[in-house]
Amino acid sequence: MRVLVVEDARALAEVVAEGLRDQGMAVDLAHDGLEAAAKLDVNAYDVVVLDRDLPGIHGDSLCQMITERDDRVMVLMLTAAGSPGDRVSGLSLGADDYLAKPFHFPELVLRIRSLARRQPSARARTLRAAGIELDPLRRTVTRDGRHLDLSVKEFALLEALLRATPAFLSTEDLLEQVWDEHADPLTNTVTVTIGRLRRKLGDPSVITTTPGVGYRITGPPGP
């Protein structure tokens with residue numbers, strides 16, 4: 001899942017971004033409305049966490065711009081204005097959810113995941129392929145009934161592959177979806193993480209690699 005956090009209070013933005021990354025999300029930051037609009041033009045996001053009082057382009061205007069886009073992104077408005085009237089106003093602008101500051105971080109995480117599941121393109125909550133079952137909400141994954149203990153990045157990478165099944169995802173696709181805009185395109189991080197994930201999934205291998213194309217989940221070969 002890729003999230004854009006738009007917050008002009010830099011210290012808060014960094015804390016939120018690091019916390020979300022610890023939850024396995026790829027997170028980009030923007031500190032004003034103009035920077036956010038530029039990133040929305042070049043990157044695909046699942047959820048935008050949007051501060052309402054922004055310099056450059058006000059959060060209200062940016063929210064309306066986002067909701068008018070063809071590639072609809074879910075918007076969680078995050079603001080210090082938390083009265084019922086403020087919430088109604090924010091939702092009327094097209095925000096999909098509204099959370100007042102100060103907030104409880106686990107609630108922010110749950111709301112972001114809930115919004116991602118509500119996307120028009122979102123699939124069923126439990127992802128299944130090749131004997132693997134992954135539940136993004138409960139953060140659980142099994143293969144043939146065997147529980148797997150995955151790291152945050154291994155879980156996010158497997159989730160991305162399952163969502164794309166039966167299509168391939170390139171290294172660049174995985175860097176974009178699982179890491180963030182600062183990921184080095186020349187890094188071997190994806191290769192290393194794929195290797196660890198293969199070992200934990202066990203035999204027979206269900207992650208296929210095609211050089212020059214990428215990775216995908218396939219069923220084990222027949223006898």
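**Exercise 1. Decide whether A130 is buried, partly exposed or exposed, and locate it.**

Step 1. Take the cut-offs: buried is under 20% relative accessible area, exposed is over 50%, and partly exposed lies in between (1.4 Å probe, protein chains only).
Step 2. The relative accessible area of A130 is 24%, so A130 is partly exposed.
Step 3. A130 sits in the loop between β6 and β7. Helices (H or I, at least four residues) and strands (E, at least two) are DSSP runs, numbered from the N terminus.
Step 4. Check the backbone. Phi of A130 is near 50 degrees, a positive value in a residue other than glycine.

A note on the source: this is a predicted model, where local features need pLDDT of at least 70, side-chain atom pairs count only at pLDDT 80 or more, and totals for chains, interfaces and linings use all residues. Residues are numbered from 1 along each chain as its sequence is written, and side-chain values use heavy atoms, with hydrogens and water left out.

**Exercise 2. Do the same for R139.**

Step 1. R139 has 27% relative accessibility, so R139 counts as partly exposed.
Step 2. Its loop runs between β7 and β8 (140-143).
Step 3. Phi of R139 is near 60 degrees, and this is a positive value in a residue other than glycine.

**Exercise 3. Find which residues are joined by the cis peptide bond at P102, and by the one at P204.**

Step 1. K101 and P102 are joined by a cis peptide bond, with omega about -10 degrees.
Step 2. P102 belongs to the loop between β5 (97-100) and α5 (105-118).
Step 3. D203 and P204 are joined by a cis peptide bond, with omega about -10 degrees.
Step 4. P204 belongs to the loop between α8 and β10 (207-210).

**Exercise 4. Describe the largest nonpolar core.**

Step 1. Define it. A nonpolar core is a set of buried Ala, Val, Leu, Ile, Met, Phe, Trp, Tyr and Cys residues joined through side-chain atoms within 4.5 Å.
Step 2. The largest one has 28 residues, and L158 and L161 have the most contacts inside it.
Step 3. List the suppliers. At least two residues of this core come from each of β6 (127-129), β7 (132-135), α6 (152-164), α7 (171-178), α8 (189-201) and β11 (214-217).
Step 4. Helix α6 gives the largest share of this core, eight residues.
Step 5. Another core lies apart from it, with 21 residues, including V49, M74, L76 and L78.

**Exercise 5. Trace the contacts of L158 and L161.**

Step 1. Contact means heavy atoms within 4.5 Å.
Step 2. Not counting residues up to four places away in sequence, L158 touches I132, L134, V141, L150, L197, L201 and I217.
Step 3. L161 lies in helix α6. At 1% relative accessibility, L161 counts as buried.
Step 4. With residues up to four places away again left out, L161 touches L169, L174, I194, I207, Y215, R216 and I217.

**Exercise 6. Place L148, and state how far its C-alpha atom is from that of L201.**

Step 1. L148 is in the loop between β9 (146-147) and α6.
Step 2. L148 has 3% relative accessibility, so L148 counts as buried.
Step 3. L148 and L201 are 53 residues apart along the chain, and their C-alpha atoms are separated by 7.4 Å.
Step 4. Neighbours within four places in sequence aside, L148 is in contact with V141, T142, R143, K200 and L201.

**Exercise 7. Work out the surroundings of D53.**

Step 1. D53 is in the loop between β3 (47-51) and α3 (59-67).
Step 2. D53 has 47% relative accessibility and counts as partly exposed.
Step 3. Leaving out residues up to four places away in sequence, D53 touches D8, H58 and T79.
Step 4. The C-alpha atoms of D53 and L78 are separated by 9.3 Å, with their positions 25 residues apart along the chain counted as the gap.

**Exercise 8. Judge whether the chain is as compact as a globular protein of its length.**

Step 1. Tally the elements. The protein chain has eight helices and 11 strands.
Step 2. The radius of gyration is taken over C-alpha atoms, and the globule rule is 2.2 Å times the number of residues to the power 0.38.
Step 3. The radius of gyration is 18 Å, close to the 17 Å that the rule gives for 223 residues, so the chain is as compact as a globular protein of that length.
Step 4. Add burial. Of the 223 residues, 45% count as buried.
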